[in-house]
Structure formats: C-alpha cells, structure tokens
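Good morning, colleagues. Please look at the sequence and the structure as they come up, and keep them in view while I speak.

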Amino acid sequence: MLNYHPKIELLTDYASGSLSLAHSLCVATHLEHCKECRAQIKKLEQVGGFLFDEIDQTEQPSTTMNTLKEDLFKRLNQPKNEASHSEVAADKLSYNNAVTESKYSIPKSLQQFISEGYDALNWVRVSPSFQTAILSNEENGTQVALTRIKAGNHIPEHAHTGDEFTLVLEGSFSDEEGVYKKGDFIQLGEHNTHKPVVTRDAECICLTVVDAPIQFTGVFTRLFNPILRKIHPYTA
C-alpha cells in the first residue's frame, strides 16, 4: 500500500482538466500505481459532473469554478446512488506493457518519452552517484525529468526554488520526513530543504516535475549548481 498521495486539491484540478500537462503527467503516473487515488478521481468526476448540471450557467466563469469547488468538497463524502458512465483513463492502464529492452517496467503514461528503456536515455551526470535525464522542457520553465541515484547513495542536501512533484518509479529513498517507495507521490514547495538517501538494496529512479532548479547548499556541492541551471529552462 502506498503512503504518499497527491492532495485532494491537486486531484480535483486533475479531474477537472485544469492542471498543466506536465503536472498531470506526474499525477497520471501515480494513478497507474494507486488504486485508492483512481477511485478518488472517479468519485471527483462523478460529483463534478453532477454539480455542473446543477450550476447556474449565467454565472461568471470564475464564480462558477469557485462555487463548483466549494460544493464538490462538501459532497465528496456523501454516498452516490448512481455510478457515472465516465471512466478514469488510469483504470484502463495495463501493467503488462513493459518495454522489453529494459529490466524495468516503464509506466504507460511515460512510454511516449521512454521508448527503449531507461538505459537508452541521455543521462547527465550531476555528481558521482546522481544522474538526471530531461524528458520535456515547457515554455513556462517547468521541466519533466528523471533522476537516478545509485543504491546506498544520496542526493546532497539541497533547497527547492520552486514547486516540485516527485514520483518514485523504482527503488526507494528516505529523507527527514519519511520513507518513499515505488508509486509514492511527494510534493515539495519553494524553500523546502532535504537530503534524500537511497536504500542499499537497489538504485532509485524518480520522475520529477520542477518549476525551477534545485540548489545544493553544501560548501562543495554548490559547485554542481551551474550544471543544474544549465540544463533547466527556468530563468529568474
């Protein structure tokens, strides 16, 4: 069972289609691993569809969305007598669509970026134990990437200069807040600082969506910051 999930507000934005494509990709990949969140998405879609039918269409769009969200959160725990005909796309995802060239199973939502397995990606070495591979750079500065850390190693202590979504794809790691395993979803905000440590039994591969590059805070590891800024589209 997974221990870390997207917040309900984030799932609501995903279900309503108001979440950006990059951030939606991270949530969709989590849904492939998480039955609990798939059920929550289905419930959100059912309640949202019902509320849209009830809402006054003469209201201004901003007022409509605020009203919709307020009513939605009030009704989330109310039982429903009828099931919606809409299906959550993640419910239809197959776990048997692994890329045969890789020792890992690539999530279906990521196969558009990873057609030949993780090893075939263009990995950039940031430190002796830490690599990153860029999947997509968005015009607004958001970057979708993979991180890969060797077993028993860590990413040096660093601060976040923007929002970051992290999804564990393989292996596991821990930080000051907990232990994160395959499928767990972690959301960090600006000014969060931590030092992820990978377990000794296997390497850890994560999907990350970041609005701005991380910044190493150590005396020596700060030397790696120019590398991160160079491969990130964000400009202050």
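Strand β2 and strand β3, residues 143-149, are paired in the antiparallel sense over seven bridges. I should say at once that this is a predicted model. Within this pair, Asn137 of β2 has Gln143 of β3 opposite. The two strands make a hairpin, and five residues lie between them. In that turn, Gly141 has a positive phi of about 100 degrees.

On its other pairing, β2 meets strand β1, residues 124-127, again in the antiparallel sense, here over three bridges. Ser127 is placed opposite Phe130 of β2. A hairpin links β1 to β2 as well, through two residues.

How much of β2 is buried? Strand β2 covers residues 130-137, and six of its eight residues are buried, so the strand is largely enclosed by the rest of the structure.

Let me turn to another sheet. Three strands form an open sheet with antiparallel pairing, in the order β7-β6-β10. Which strands stand at its edges? They are β7, residues 178-180, and β10, residues 197-198; each has a single partner strand, so one side of each is left without a neighbour in the sheet. Strand β6, residues 173-175, is joined to β10 by two bridges, and these two strands run antiparallel. One bridge can be named: Ser174 is partnered with Val197 in β10.

I now move to the helices α1 and α2. Two packed helices are described by the angle between their axes and by the distance between those axes. Helix α1 spans residues 8-16 and helix α2 spans residues 21-33; they pack at an angle of about 105 degrees, and their axes are 11 Å apart. This angle makes α1 roughly perpendicular to α2. On the α1 side the contact involves Leu10, Leu11 and Tyr14, and on the α2 side Ser24, Val27, Ala28 and Leu31. Sorted by class, the contact of α1 with α2 has six nonpolar residues, one polar residue and no charged residues.

Helix α1 also has buried positions: Leu10, Leu11, Thr12 and Asp13 are buried. Leu10 and Leu11 thus appear both among the buried residues and in the contact with α2. After α1 comes Gly17, whose phi is positive, near 80 degrees.

Next, the cysteines. A disulfide is a covalent bond between the sulfur atoms of two cysteines. How many disulfides does the model contain? The count comes to zero, with a cut-off that asks for sulfur atoms within 2.5 Å. For Cys34, the closest cysteine sulfur belongs to Cys37 at 3.6 Å, which is too far for a bond. Cys34 counts as buried, with a relative accessibility of 3%. For Cys204, the closest cysteine sulfur is that of Cys206, also at 3.6 Å and too far for a bond. Cys204 counts as buried too, at 0% relative accessibility.

Finally, the chain as a whole. Its secondary structure comes to five helices and twelve strands. The chain has 236 residues, of which 45% count as buried. Among contacts in the chain with a separation of 6 or more, 65% are between residues 24 or more positions apart.

To return to the starting point, β2 pairs with β1 over three bridges and with β3 over seven. Thank you for your attention.

Technical notes. Residues numbered from 1 in each chain as written. Predicted model: local features only at pLDDT ≥ 70, side-chain atom pairs only at ≥ 80, totals over all residues. Heavy atoms only, no water. Axes fitted to C-alpha atoms, helices over the stretch in contact; angles between N-to-C directions. Helix = DSSP H or I, 4+ residues; strand = E, 2+ residues; numbered from the N terminus. Parallel < 35°, antiparallel > 145°, perpendicular 65-115°, else oblique. Contact = heavy atoms within 4.5 Å. Nonpolar A, V, L, I, M, F, W, Y, C, P; charged D, E, K, R; others polar. Buried < 20%, exposed > 50% of the residue type's maximum accessible area, 1.4 Å probe, protein only. Pairing = 2+ DSSP bridges.
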